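This report is an introduction for a reader who has not met the structure before. It takes the sheet, then the chain as a whole, then the ligand.

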Amino acid sequence: MSNVKVARRDFLRTSLLVGSALPLGAIPLVLKADNHRVSEDNPTAKAMGYLHDATKVDVAKFPRRAGEAGSKQFCNNCKLYQAGSEEGWGGCAIFPGKEVNAKGWCNAWVSA
Ligand code: SF4
């Protein structure tokens, strides 16, 4: 038997042992990470001017967030914001299956 076959068999055996040693509850925590959060690089997010931090919005480009009234607009007071899976994040109809930051903003903001 070649050393390659032995090494491969050892790798598979070790992988099975490590995999079976992980508590099942740890897997969702590992997979959850931040992938439920919408990325600012998402094409829709870019087109809508979405940012996780509304105070960073370029008001020259998105004048709806300019001035006193605009500066009070955040995702958490937008009509499209819904309760999320973690504190400070929530669902939004603009980004199905993703969550936006409560302190974020996009150009589709609607008064609640
Ligand atoms: S539509 Fe409202 S909740 Fe959704 S990203 Fe824009 S401001 Fe935030």
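In this predicted model, Trp89 stands opposite Asn101 in strand 3. Trp89 begins strand 2, which covers residues 89-92 and pairs with strand 3 in the antiparallel sense over three bridges. Another facing pair between these two strands is Gly90 and Val100, the latter in strand 3.

On its other pairing, strand 2 is joined to strand 1 by three bridges, and these two strands also run antiparallel. Here Tyr81 stands opposite Cys92 of strand 2.

Taken together, the three strands make an open sheet in the order 1-2-3, with antiparallel pairing. Strand 1 (81-83) and strand 3 (99-101) are the edge strands, each pairing on one side only. From one strand to the next, the twist averages 55°.

Both connections in the sheet are hairpins. Between strand 1 and strand 2 there are five residues, and Gly88 in that turn has a positive phi of about 85°. Between strand 2 and strand 3 there are six residues, and the turn holds Gly97, with a positive phi of about 80°. The table sets the two hairpins side by side.

| Hairpin | Residues between the strands | Glycine in the turn and its phi |
|---|---|---|
| Strand 1 and strand 2 | five residues | Gly88, positive, about 85° |
| Strand 2 and strand 3 | six residues | Gly97, positive, about 80° |

Where does the sheet fall within the chain? The order of elements from the N terminus is α-α-α-α-β-β-β, and the secondary structure comes to four helices and three strands. The helices thus precede the strands along the chain. The chain has 112 residues, of which buried residues make up 25%.

The model also holds a ligand, and the ligand sits in the largest cavity. Which residues are around the ligand? They are Tyr50, Cys75, Cys78, Leu80, Cys92, Ile94, Phe95, Val100, Cys106 and Trp109. How does this shell divide into nonpolar, polar and charged residues? The shell has 10 nonpolar residues, no polar ones and no charged ones.

Two residues of the sheet recur in this list. Cys92, around the ligand, is the residue of strand 2 that Tyr81 faces. Val100, also around the ligand, is the residue of strand 3 that stands opposite Gly90.

How values were computed
Residues numbered from 1 in each chain as written. Predicted model: local features only at pLDDT ≥ 70, side-chain atom pairs only at ≥ 80, totals over all residues. Heavy atoms only, no water. Near = heavy atom within 4 Å. 1 Å grid on protein atoms, 1.4 Å probe; cavity = no way out; pocket = protein on both sides within 12 Å on 5 of 7 lines; lining within 4 Å. Sits in = over half its atoms within 2 Å of the grid points. Nonpolar A, V, L, I, M, F, W, Y, C, P; charged D, E, K, R; others polar. Pairing = 2+ DSSP bridges. Axes fitted to C-alpha atoms, helices over the stretch in contact; angles between N-to-C directions. Buried < 20%, exposed > 50% of the residue type's maximum accessible area, 1.4 Å probe, protein only.
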